[in-house]
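Let's take a walk through this structure together. We will start at a helix and move on to what surrounds it.

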Amino acid sequence: MLRHPSKPAAEALTLTPIAITRSCFQDKFGVPRQPGLTRHARADLIIQPPFDREDAFRGLETASHLWLTFQFHEAVRAEWRPVVRPPRLGGNRKMGVFASRSPFRPNSLGLSVVRNEGLVRRDGQLILRISDHDLIEGTPILDIKPYLPFSDSVPEASLGWADSPPTERLEVVFLPEAEAQIGELSPEDYPELRPLIEDVVAYDPRPSFRRGREEERIYGAHLYDLNVRFRFVNDHSRKRVEVLTVC
């Protein structure tokens, strides 16, 4: 028989961010819908006082991957809704919010697996470097845990409507101006920039109702301090994305 707790659960929790994200993704548009869809996305987690002590991370260097609990800080709403429209279903079918990975949740909490790129101290700040992520600039990190392969990986797990990764990738063509601009950028300041751009645009980051269409409209995604401008072309059944400028 289950017993009710003698004291009511707290109606609100106060959470203190452990770190603040400095990301290659400057806003929501163009961010992969799940971590791991691009292997070229990098970010620094700036560890905040009083958590910026190496002792708190002792042993983490042996973990190849990490669990991050974070806040969807640009998706916080005054009221929550019980149903959402997942992009994976074309934005046409409603699902319960707790059956989805929607950022629009009652507590605006997210959970991602990322690659651990190591801890460094730079200009007095303790920084945890990560890659293969889906975090935008300024994302508050609420907890960090090591990923345990023996228990966290469940090969036989299923969902039913999103069991496989998106496989359709559009062809990406860099026009001469974009190629020249990328060639002038420092690889140290913009690591793996070209493949990062390819991953961002190839999965068609447009809203569901626009995806798959040819448009005259030019889109832009902010990566690092750059504005990547691109358009979608459907020319004689050859669908592609043309990257126009990177500046």
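The face of H2 that is turned away from its buried side carries Pro176 and Gly183, which are exposed (over 50% relative accessible area with a 1.4 Å probe, protein chains only; buried is under 20%, and partly exposed lies in between). Helices (H or I, at least four residues) and strands (E, at least two) are DSSP runs numbered from the N terminus. This is a predicted model, where local features need pLDDT of at least 70 and side-chain atom pairs count only at pLDDT 80 or more, while totals for chains, interfaces and linings use all residues. Residues are numbered from 1 along each chain as its sequence is written, and side-chain values use heavy atoms, with hydrogens and water left out.

Now turn to the other side of H2, residues 176-183, where Ala178, Gln181 and Ile182 are buried. Seen down the axis of H2, these buried residues fall within an arc of 100°, so they line one face of the helix; the arc is that of the directions from the helix axis to the C-beta atoms. Their cover includes strand E9 (171-174), helix H3 (193-202) and strand E12 (238-246).

In the largest nonpolar core (a set of buried Ala, Val, Leu, Ile, Met, Phe, Trp, Tyr and Cys residues joined through side-chain atoms within 4.5 Å) there are 28 residues, and Phe25, Leu196, Ile197, Phe230, Val243 and Val246 touch the most other members. E9, H2, H3, E10 (219-223), E11 (226-235) and E12 each give two or more residues to this core. H3 supplies the largest share, 6 residues. Apart from this core lies another, of 18 residues, including Ile18, Ala19, Leu66 and Leu128.

Conventions:
Contact means heavy atoms within 4.5 Å.
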